[in-house]
Amino acid sequence: MRMVDIIAKKRNGESLDEKEIAFFIENYMAGVIPDYQVSALMMAIYYQGMSQEETAYLTKHMVASGDIIDLSPIKGHKVDKHSTGGVGDKTTFIVGPLVAAAGLPVAKMSGRGLGHTGGTIDKLESIPGFRVELSNQQFIDNVNTYKLAVVGQTGNLAPADKKLYALRDVTATVDSLPLIASSIMSKKIASGADSIILDVKTGSGAFMKTLENSKKLAEEMVTIGKQLNRNTIAVISDMNQPLGFEIGNASEVKEAVEILQGKRIDDLRELAIELAAHMTIVAGVYSDYVEATSSLNELIDNGEALKCFKNFVKAQNGDVSVIEDLTKLPTSQYKIPVKAEQQGYIHEMEADQIGIAAMHLGAGRATKEDKINHGVGITLKKKIGDFVNAGDTIAILNSDQQQVDEIASIVKDAYTIKEEKANKRKMIYEVIK
Ligand code: URA
């Protein structure tokens, strides 16, 4: 077999068979096939696409390129939740303890933030003392005892994806549906769960800006999951504005805890309940959607989910007193209001720009090496559908620098205000099974 023939076959719009896909992955990883040939193949895939079968084979062989986490010492059905990334997304801190309270074991590996999206691991580290590194045994023991553990990605999961992603990044081939779907699913499948619930974001702060493309990505990932024997469900959710009101690290933990305390009912609680419902139904904890949503709401209202969150924090060495008194979480030195220049209704928000503004304040990373400031971020005061008068505060910059005019402009420009009335956005668009 020769790589040049595989490239030509894909260039001509033909399908690759499993042997050809295995050949290219194995030899690329072995350093036998050079980057320039794989770049050409990625570009051919970008233009010609891949069938569902090819995409599943590609995923399978990216999984096989590294470790596969063995979660079998954890009792019960293991369900993972994965979000395709957004701004202000702190659902893991609600969904994790919530399904744990329902009796489902949650063994979660999460990543750090980069660019306009934040990372679960960075956010957890805003809790003083919290350890995101546990030995394998400790991870398993914590899940068996407390039903919930979250650690940073360890091991050598899908290294072929890592190598391919770095190449796609510099060859303008990231934006290919089968390549994105296989990339995400290879890491999820290698993480070892029995079932996978995907939160596919759509809108201005999402990887996929249109509902049509988000739906295609969701369908592609659900198909891959099924072909590789994982029960997979995708929820398509709105990311045309940040989720909740807080964007940052400590402030997102705070907002999630407030939801667990039952204090606020908004888009965030709706999405968390939706995701938790599919996780618990797929695992057989509840028999249908009505039972699941009413039981899960009850687990928030009776404080059981919050209790699980506290146990989880304590088990990973975090200071639980900050959860009991949220004012003890890191915060910023200055609170700088961003004001509306005109009266009207908020029609649109460029969520990715708000994520970028939070990153400039220090809440996120522009490059992998950047350090996070856990206390800074943005608090939204107004969201789509709200009415504002000129001079009203639409957002607050939680900053450690006093001079942040440019960042304030990014936030102000991210809002579109018009005279005519605007509707609130809906949260859940579709569920794909
Ligand atoms: N996220 C991933 O993990 N992979 C992609 O290809 C795109 C987004």
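# A tour of loops, helices, rings and cavities

Start by selecting Lys-147, which is placed in the loop between α7 (136-146) and β3 (148-152). The model on screen is a predicted one. Lys-147 has a phi near 70°, a positive value in a residue that is not glycine. Buried or partly exposed: how does Lys-147 count? Its relative accessibility is 26%, so Lys-147 counts as partly exposed.

Next, select Ala-172, in the loop between α8 (159-169) and α9 (177-190). Here too phi is positive in a residue other than glycine, with a value near 55°. Ala-172 has a relative accessible area of 58% and is exposed; the cut-off for that class is over 50%.

**Helix α11**

Select residues 250-260, which form α11. Ten of the eleven residues of this helix are buried, so α11 is largely enclosed by the rest of the structure. To see them, colour Ala-250, Ser-251, Glu-252, Val-253, Glu-255, Ala-256, Val-257, Glu-258, Ile-259 and Leu-260, which are the buried residues. Then pick Gly-262, which follows α11 and has a positive phi, near 80°.

**The second largest pocket**

Stay with α11 and show the second largest pocket, since α11 gives the most to its lining, with three residues. The volume of this pocket is about 270 Å³. Which residues lie nearest its centre? Select Glu-246, Ser-251, Lys-254, Thr-331 and Lys-335, out of the 18 residues that line the pocket. Now add β11 (393-399), which, like α11, supplies at least two residues of the lining. Colouring the lining by class gives six nonpolar, eight polar and four charged residues.

Where does this pocket lie with respect to domain 2 (79-324) and domain 3 (330-418)? Both domains give residues to the lining, so the second largest pocket lies between them.

**The largest cavity**

Turn now to the enclosed spaces. Rolling a probe the size of a water molecule over the atoms shows where empty space is left. This structure holds five cavities of 30 Å³ or more. The largest cavity has a volume of about 110 Å³. Select His-116, Thr-117, Gly-118, Ile-247 and Ala-363, which are the closest to its centre among the 16 residues that line it.

Add two elements to the view: β6 (246-248) and α16 (351-361), each of which supplies at least two lining residues of the largest cavity. The largest share comes from α16, with three residues. By class, the lining of the largest cavity has five nonpolar, nine polar and two charged residues. At least three of the lining residues come from domain 2 (79-324), and at least three from domain 3 (330-418).

**The second largest cavity**

Move on to the second largest cavity, with a volume of about 70 Å³. Its lining can be selected in full: Ile-69, Leu-71, Lys-78, Val-79, Asp-80, Pro-105, Val-106, Ala-107, Met-109, Phe-139, Ser-191 and Ala-193. In class terms this lining has nine nonpolar, one polar and two charged residues. Show the strands β1 (79-83) and β2 (106-110), each of which supplies at least two residues of the lining. The largest share, three residues, comes from β2.

**Aromatic rings**

Select helix α14 (residues 304-315) and show the side chains of Phe-309 and Phe-312, which lie in it three residues apart, about one turn of the helix. An α-helix has 3.6 residues a turn, so residues three or four places apart point the same way. Both Phe-309 and Phe-312 are buried.

How many aromatic pairs does the structure hold? There are four aromatic pairs. In the pair formed by Phe-309 and Phe-312, the ring centres are 5.7 Å apart and the planes are at 55°, so the pair is tilted; edge-to-face would need planes over 60 degrees apart. Add Phe-130 to the selection: ring pairs link Phe-130, Phe-309 and Phe-312 into a cluster.

**Charges over rings**

End with two lysines. Select Tyr-28 and Lys-163: the charged end of Lys-163 sits over the ring of Tyr-28, at 4.2 Å from its centre. Then select Phe-245 and Lys-383, where Lys-383 lies over the face of Phe-245, 5.1 Å from the ring centre.

Key: Residues numbered from 1 in each chain as written. Heavy atoms only, no water. 1 Å grid on protein atoms, 1.4 Å probe; cavity = no way out; pocket = protein on both sides within 12 Å on 5 of 7 lines; lining within 4 Å. Points joined across faces, edges and corners; volume = space filled by probe spheres on them. Helix = DSSP H or I, 4+ residues; strand = E, 2+ residues; numbered from the N terminus. Nonpolar A, V, L, I, M, F, W, Y, C, P; charged D, E, K, R; others polar. Domains from an automatic or database assignment. Phe/Tyr/Trp six-rings, centres within 6.5 Å; stacked < 30°, edge-to-face > 60°. Buried < 20%, exposed > 50% of the residue type's maximum accessible area, 1.4 Å probe, protein only. Lys NZ or Arg CZ within 6 Å of the ring centre and 35° of its normal.
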